[in-house]
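Here is a friendly walk through one protein model, taken a region at a time. Have the structure open beside you as you read.

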Amino acid sequence: MNPFPIILNIRDKKFLVIGGGKVATEKIKRLLIFTKNITILSPDLTSELKEIVDKEHLTYISQKYAPELISDYDIIIVAVNDIELQKKIYQYAKKITSYVTL
């Protein structure tokens, strides 16, 4: 993947990170530099991510992805190691918004 730097105004934006593994942990650590308005959706968390959730008082939804769980967020970050699940989330997000990118 080729990184593309982008500047977004994330003031008052609600983030959802789907996944609780190593990749999700790294993405959340970077997001925390800018916001704490982060919800994590995953049936499991790494021990490091569990500590971050507790320390930063982040919202944690302990369950698997379901379409009805993502509609209230402005920015969704999918950090799962399941290509089919990534596709499902992408296709659903395209239906509920006018702007979606990978």
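## Reading the model

Helices and strands are DSSP runs, a helix being H or I over at least four residues and a strand being E over at least two, numbered from the N terminus. By that scheme, L31 belongs to helix α1. Please keep in mind throughout that this is a predicted model.

## Buried residues around L31, T35 and T39

Let's start with L31, which sits in helix α1. Is L31 buried or exposed? L31 counts as buried because its relative accessibility is 11%, and the cut-off for buried is under 20%. Setting aside neighbours within four places in sequence, L31 is in contact with F15, V17, I38 and I77. For a sense of distance along the chain, L31 and L45 are 14 residues apart in sequence, and their C-alpha atoms are 17 Å apart in space.

Moving along the chain, T35 lies in the loop between α1 (22–31) and β2. T35 is also a buried residue, with a relative accessible area of 13%. Which backbone nitrogen lies 3.0 Å from a polar atom of the T35 side chain? That nitrogen belongs to N37. Beyond its neighbours within four places in sequence, T35 is in contact with I10 and F15. T39 follows in strand β2, which covers residues 38–41. Its relative accessibility is 8%, so T39 counts as buried. Again leaving out neighbours within four places, the contacts of T39 are F15, L16, V17, T59, I61 and Y73. F15 is therefore a name to remember when you look at this region: it appears among the contacts of L31, of T35 and of T39.

## Salt bridges

How many salt bridges does the structure hold? There are five. Side chains of opposite charge can pair when their charged atoms come close. Among the five, E26, K29 and E48 are linked in a network.

Within that network, the side chains of E26 and K29 meet at 3.3 Å, N to O. Both residues lie in helix α1, three residues apart, which is about one turn of the helix. E26 is partly exposed at 30% relative accessibility, and K29 is partly exposed with a relative accessible area of 33%. K29 also forms a salt bridge with E48, at 2.9 Å, N to O. This second pair links distant parts of the chain: E48 is in helix α2 (residues 47–56) and K29 in helix α1, 19 residues apart. E48 is partly exposed too, with a relative accessible area of 38%.

## Helix α3

Helix α3 offers a neat geometric check. Its 14 residues (83–96) should span 20 Å at 1.5 Å a residue, and its end C-alpha atoms are 20 Å apart, so the two values agree. At the N-terminal end of α3, D82 acts as a cap: a side-chain oxygen of D82 lies 3.1 Å from the backbone nitrogen of E84.

E84 has a salt bridge as well, with its side chain meeting that of K87 at 3.6 Å, N to O. About one helical turn separates K87 and E84 because they are three residues apart in helix α3. K87 is partly exposed, with a relative accessible area of 45%.

## Surface patch and positive phi values

Which residues make the nonpolar surface patch of about 380 Å²? F4, I6 and L8 do. F4 is in the segment before β1 (15–18) and is exposed, with a relative accessible area of 67%.

Two non-glycine residues with positive phi deserve a look if you are checking backbone torsions. D12 has a phi of about 65 degrees although it is not a glycine. D12 is placed in the segment before β1, and at 67% relative accessibility D12 counts as exposed. H57 has a phi near 60 degrees, again a positive value in a residue other than glycine. H57 is found in the loop between α2 and β3 (59–61), and H57 is exposed, with a relative accessible area of 69%.

Definitions and conventions
Residues numbered from 1 in each chain as written. Predicted model: local features only at pLDDT ≥ 70, side-chain atom pairs only at ≥ 80, totals over all residues. Heavy atoms only, no water. Patch = residues over 30% accessible without salt bridge, like charges linked within 9 Å, V, L, I, M, F, W, Y side chains within 5 Å. Areas by Shrake-Rupley, 256 points an atom, 1.4 Å probe, with all protein chains shown as cover. Salt bridge = Lys/Arg side-chain N within 4 Å of Asp/Glu carboxyl O. Buried < 20%, exposed > 50% of the residue type's maximum accessible area, 1.4 Å probe, protein only. Expected span 1.5 Å × (residues − 1). Polar contact = N/O pair within 3.5 Å; in protein donor to acceptor, adjacent residues only side chain to side chain. Contact = heavy atoms within 4.5 Å.
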